[in-house]
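This report describes the surroundings of the bound ligand, followed by the strands and the overall architecture of the protein.

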Amino acid sequence: MTAPVAIETHNLSKRYGSLTKGVLALDRVDLSVPSGSVFGLMGPNGAGKTTLIKVLTGVSDMTSGEARVAGFDVRRQSMEVRSRIGWVAAEVILDDDFSGWENLWLQAKLQGLRDWESRARTILAYFSLEDRRDEKVSHYSTGMRKKLEIALALLHQPSVIFMDEPTIGLDVGTRRMLWDIVRGVRQEYGVTVLLTTHYIEEADALCDRIAIIELGRIIAEGTPSELKAKVRADLVVLETTEELDRGALTALPGIQELTSQGAEWTFRVASSEQFLPQLLASVPPQRIRRISVEKPSLETVFLDLTGRRMGQEEPMRDVRKFYAQVRRARG
Ligand SMILES: Nc1ncnc2c1ncn2[C@@H]1O[C@H](COP(=O)(O)OP(=O)(O)O)[C@@H](O)[C@H]1O
Ligand SMILES: [Mg+2]
């Protein structure tokens, strides 16, 4: 028997704009997300992560292919899907002038929920927000706001929650707190969580399974350790004070690949433990400026698959600050 599946896509494509000038944001995506898991969609900016969430939540139409969420067809049974999913967007959705409780009330109205109060109280207690429920959200810390956003998404008892870059712009401490919350919510509320991230360490620490997406394509999928096991190599980076003779370096045993940039040499080797002594024996110590070793990580998985590093650039350091500026600009 196979485990139940919360999200399933076949050949799912999404194109923005025309065939000739448009962007193929999702390119024949096949995904299967087990029920009750925390599933990470990891990829650089522009990879198509938000688009996938928009298509799965029914906010954007798909161009072709199929998708099922919580057991229903996204295209043909969109209302059934909508009533079973929650969405924590990357953008701030809270109303700053409202209290935490009023935000929950507003959410209940928007969703047409009845008898929501007792569930709201339980959720607030779960997030330790009940003492602050009547305070304006503008007085909340970033972590509290994020918790309230998740509380709003949980209010109508969804079975699947989408979280788009849930920790973007948060400091390291708050980010870790949020990881605990996501794990706890999955456990306590039995929901499946699909989250997107461009933080490699976040995908690694938080997710049961990860799909790596680049240019709209899923290029790898598996548990973090399955993905890392695909890379059977360490990277050794050597920086020297002057350029060395390439021939002497290539002759060293165990090298799978050698690339250089000026006086920086990157060796891809099967085992850095066996390689390092050989390297040190063949390069005069006074010429060595720096040596570093990189063990297989999700970063090297990405590098392996795409030939480039994923990078850690952030489009917006503090989303909240951005929206505050927008509000101020509006007057
Ligand atoms: N509304 C839109 N119209 C046209 N192109 C879009 C739109 N939204 C996203 N794109 C493009 O689709 C691609 C994927 O974007 P997105 O899903 O936002 O990526 P991510 O969330 O991984 O950063 C990018 O090339 C982006 O420029
Ligand atoms: Mg995005």
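In this predicted model, the residues around ligand 1 are Tyr16, Gly17, Val23, Ala25, Gly43, Asn45, Gly46, Ala47, Gly48, Lys49, Thr50 and Thr51. Two elements, β2 and α1, each give two or more residues to this shell. Helix α1 provides the largest share, with three residues. Sorted by class, the shell consists of seven polar, four nonpolar and one charged residues.

Helix α1 spans residues 49–56 and lies across β1, β2 and β4, at about 65 degrees to β2. These three strands belong to an open, antiparallel sheet of four strands in the order β2-β1-β4-β5. The edge positions are held by β2 (23–34) and β5 (72–73); each has a single partner strand, so one side of each lacks a neighbour in the sheet. Within the sheet, β1 (residues 5–16) pairs with β4 (residues 64–69) in the antiparallel sense, and Ser13 has Ser64 of β4 as its bridge partner.

Strand β3 (residues 38–42) has a different setting. Five of its five residues are buried, so β3 is largely enclosed by the rest of the structure. Val38, Gly40 and Met42 lie on one side of β3 and Phe39 and Leu41 on the other, and all of them are buried, which leaves both faces covered. Strand β3 runs parallel to β8 (residues 192–197), where Leu195 is the bridge partner of Gly40. It also pairs in the parallel sense with β9 (residues 209–214), and there the bridge partner of Phe39 is Arg209.

The strand pairings discussed above are listed below.

| Strand pair | Sense | Bridges |
|---|---|---|
| β1 and β4 | antiparallel | five bridges |
| β3 and β8 | parallel | five bridges |
| β3 and β9 | parallel | four bridges |

At the level of the whole protein, there are 12 helices and 14 strands. The domain assignment gives domain 1 (5–228) and domain 2 (232–295), and the centres of the two domains, taken over C-alpha atoms, are 43 Å apart. Along the principal axes, the C-alpha atoms fill a box of roughly 75 × 45 × 45 Å. Of the 331 residues in the protein, 33% are buried. Among contacts between residues at least 6 apart in sequence, 72% join residues at least 24 apart.

Key. Residues are numbered from 1 along each chain as its sequence is written. Chains are lettered from A and ligands numbered from 1 in the order in which they are written. This is a predicted model: local features need pLDDT of at least 70, side-chain atom pairs count only at pLDDT 80 or more; totals for chains, interfaces and linings use all residues. Domain bounds come from an automatic or database domain assignment. Two strands pair if DSSP finds at least two bridges between them. Two residues are in contact if their C-beta atoms, placed from the backbone, lie within 7 Å. Axes are lines fitted to C-alpha atoms, for helices over the stretch in contact, and angles run from 0 to 180 degrees between N-to-C directions. A residue is near a molecule or strand if its C-beta atom, placed from the backbone, lies within 6 Å of it. Ala, Val, Leu, Ile, Met, Phe, Trp, Tyr, Cys and Pro count as nonpolar, Asp, Glu, Lys and Arg as charged, and the others, Gly among them, as polar. A residue is buried if 20 or more other C-beta atoms lie within 10 Å of its own, exposed if 12 or fewer, and partly exposed in between; C-beta atoms are placed from the backbone.
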